[in-house]
Amino acid sequence: MRVARGWRNSSASVTFSEAMNASSLGATTFTVTTGTPAALVLGTVIYAGRTATFWPREHLVSNTDYTATITTGATNLAVGTYKVKVEENDGARRATLLAD
C-alpha cells in the first residue's frame, strides 16, 4: 500500500472469505513493513466479522510504500493454517494464498 499525502493516519485491512480464529490474528501474524531491508511497523490488530485491521502505533509516512503480510500463524476455523501475502503498489492490490 502507498500512503498518500493527508492519509497518514490510515490502516491496512484484509477481509477473509471465511471465519478466522480471532486469537490467531495479532501483531505477529498480521505484519506491516516498509523499506529495504524491511522494517517492522508497530501497531495493533483488530479482528471483527471476517476482517482483520492493522492500526499503526504512529502515523505512517506520506509517499512511502508499505507491505502487509498475513503469516502461517493465522488460522481459519474450518481447515487450519495458510499464508496470505497482500501487497499494494500504486493503488493495485495483489493477494497470494498458500495452503500449508
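**Exercise 1.** Work out the strand order of the open sheet and find its edges.

*Solution.* Three strands make up the open sheet, ordered β1-β5-β4, with antiparallel pairing. Strands are DSSP runs of E, at least two residues, numbered from the N terminus. Two of them pair if DSSP finds at least two bridges between them. β1 (12-15) and β4 (43-48) are the edges: each has a single partner strand, so one side of each lacks a neighbour in the sheet. Neighbouring strands are turned by 15° against each other on average, direction ignored; the axes are lines fitted to C-alpha atoms. β1 pairs with β5 (residues 51-56) over four antiparallel bridges. T15 has T51 of β5 as its bridge partner.

The model is predicted: local features need pLDDT of at least 70, side-chain atom pairs 80 or more, while totals for chains, interfaces and linings use all residues. Numbering starts from 1 along each chain, and side-chain values use heavy atoms, without hydrogens and water.

**Exercise 2.** Describe the largest nonpolar core.

*Solution.* A nonpolar core joins buried Ala, Val, Leu, Ile, Met, Phe, Trp, Tyr and Cys residues through side-chain atoms within 4.5 Å. Buried means under 20% relative accessible area (1.4 Å probe, protein chains only). The largest core has 17 residues. F16, L25, F30, V32, A52 and F54 have the most contacts inside it. β1, β2 (30-34), β4, β5 and β6 (67-70) each give two or more residues.

**Exercise 3.** Classify the aromatic pair in the structure.

*Solution.* Rings pair if their centres lie within 6.5 Å; planes under 30 degrees apart are stacked, over 60 edge-to-face, the rest tilted. The search finds one pair. The ring centres of F30 and F54 are 6.0 Å apart and the planes stand at 40°, so the pair is tilted. F30 sits in β2 and F54 in β5, 24 residues apart. Both are buried.

Key: Axes fitted to C-alpha atoms, helices over the stretch in contact; angles between N-to-C directions. Buried < 20%, exposed > 50% of the residue type's maximum accessible area, 1.4 Å probe, protein only.
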